[in-house]
Amino acid sequence: MDKNNKSILDEIHKGAKMGMDSISYVTEKVGDENFKDNLAYQYNQYGDILEQVNNVYQKYGDIPNDNDIMAKTMSWTGIQMNTIKDKSNSHIADMLIQGTTMGIIEGRKLLNNNPNADAEIVKILDNFVKMQENNVEKLKTFL
């Protein structure tokens, strides 16, 4: 696998892991069962993307870099600090929308700036971005 395709896969992998981590950090703070169900569905979608990425890595005999402890720690700390005073659905949805929007922007940049990327990787990335866009729309109902 060439360096560019690996870089794209690494970004998708990082984004999917971050989405799953964020959801797992906030779900324990959510009391609304409808919101929890929505978050569980989103978590599974991120897991599906992660599985697709891991299959491509495996196809090329490569493995993802899974050692971003600093980012994970910062994410957890940020969520804990941001939910000390406000655990409302609206506030949690707002936080998730902001994070997901950052992922959408990064994904769109990757799509726009890598026209020669492997078609299979582009398809995964495009599905990932569209999934995140749909998730933002669903999260808006909890604002």
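**Figure 1. Five helices contribute to the lining of the largest pocket in this predicted model.** Helices H1 (3-27), H2 (33-59), H3 (69-82), H4 (89-113) and H5 (119-140) each supply at least two lining residues. Helices here are DSSP runs (H or I, at least four residues), numbered from the N terminus. The largest contribution is that of H4, with 11 residues. The space in the largest pocket is about 690 Å³. Its lining consists of 31 residues, and the closest to the pocket centre are Met 18, Ser 22, Gly 99, Thr 100 and Met 102. Sorted by class, the lining has 14 nonpolar, 14 polar and 3 charged residues. Nonpolar means Ala, Val, Leu, Ile, Met, Phe, Trp, Tyr, Cys and Pro; charged means Asp, Glu, Lys and Arg; the others, Gly among them, count as polar. A pocket is an open set of points on a 1 Å grid over the protein atoms alone, where a 1.4 Å probe fits and protein lies on both sides within 12 Å along at least five of seven lines; lining residues have an atom within 4 Å of a point. Grid points are joined across faces, edges and corners, and the volume is the space filled by probe spheres set on the points.

**Figure 2. The second largest pocket has a volume of about 300 Å³.** Its lining is made of 14 residues, of which Lys 14, Lys 17, Asn 65, Asp 66 and Asp 68 are the closest to the centre. H1 and H3 each supply at least two residues of this lining, and H1 gives the most, with 6 residues. By class, the lining divides into 3 nonpolar, 4 polar and 7 charged residues.

**Figure 3. Lys 6, Asp 10 and Asp 62 are joined into one network by salt bridges that share partners.** A salt bridge is a side-chain nitrogen of Lys or Arg within 4 Å of a carboxyl oxygen of Asp or Glu. The structure has 7 salt bridges. Between Asp 10 and Lys 6 the N to O distance is 3.3 Å; both residues lie in helix H1, 4 residues apart, about one turn of the helix. Between Asp 62 and Lys 6 the closest N and O atoms are 3.8 Å apart. Asp 62 is in the loop between H2 and H3 while Lys 6 is in helix H1, so this pair ties together parts 56 residues apart in sequence. Relative accessible area is 26% for Asp 10, 22% for Lys 6 and 25% for Asp 62. Each of the three counts as partly exposed, the class between buried (under 20%) and exposed (over 50%), with a 1.4 Å probe and protein chains only.

**Figure 4. Asp 126 and Lys 130 form a salt bridge in helix H5.** The N to O distance is 2.9 Å. The two residues are 4 residues apart, about one helical turn. Lys 130 is partly exposed, with a relative accessible area of 41%.

**Figure 5. The largest nonpolar core has 36 residues.** Such a core is a set of buried Ala, Val, Leu, Ile, Met, Phe, Trp, Tyr and Cys residues joined through side-chain atoms within 4.5 Å. Ile 12, Phe 35, Leu 39 and Ile 49 have the most contacts inside it. H1, H2, H4 and H5 each supply at least two of its residues. Leaving out residues up to four places away in sequence, Ile 12 touches Ile 49, Val 53, Ile 121, Ile 124, Leu 125 and Phe 128, a contact being heavy atoms within 4.5 Å.

**Notes.** Residues are numbered from 1 along each chain as its sequence is written, and side-chain values use heavy atoms, without hydrogens and water. In this predicted model, local features need pLDDT of at least 70 and side-chain atom pairs count only at pLDDT 80 or more, whereas totals for chains, interfaces and linings use all residues.
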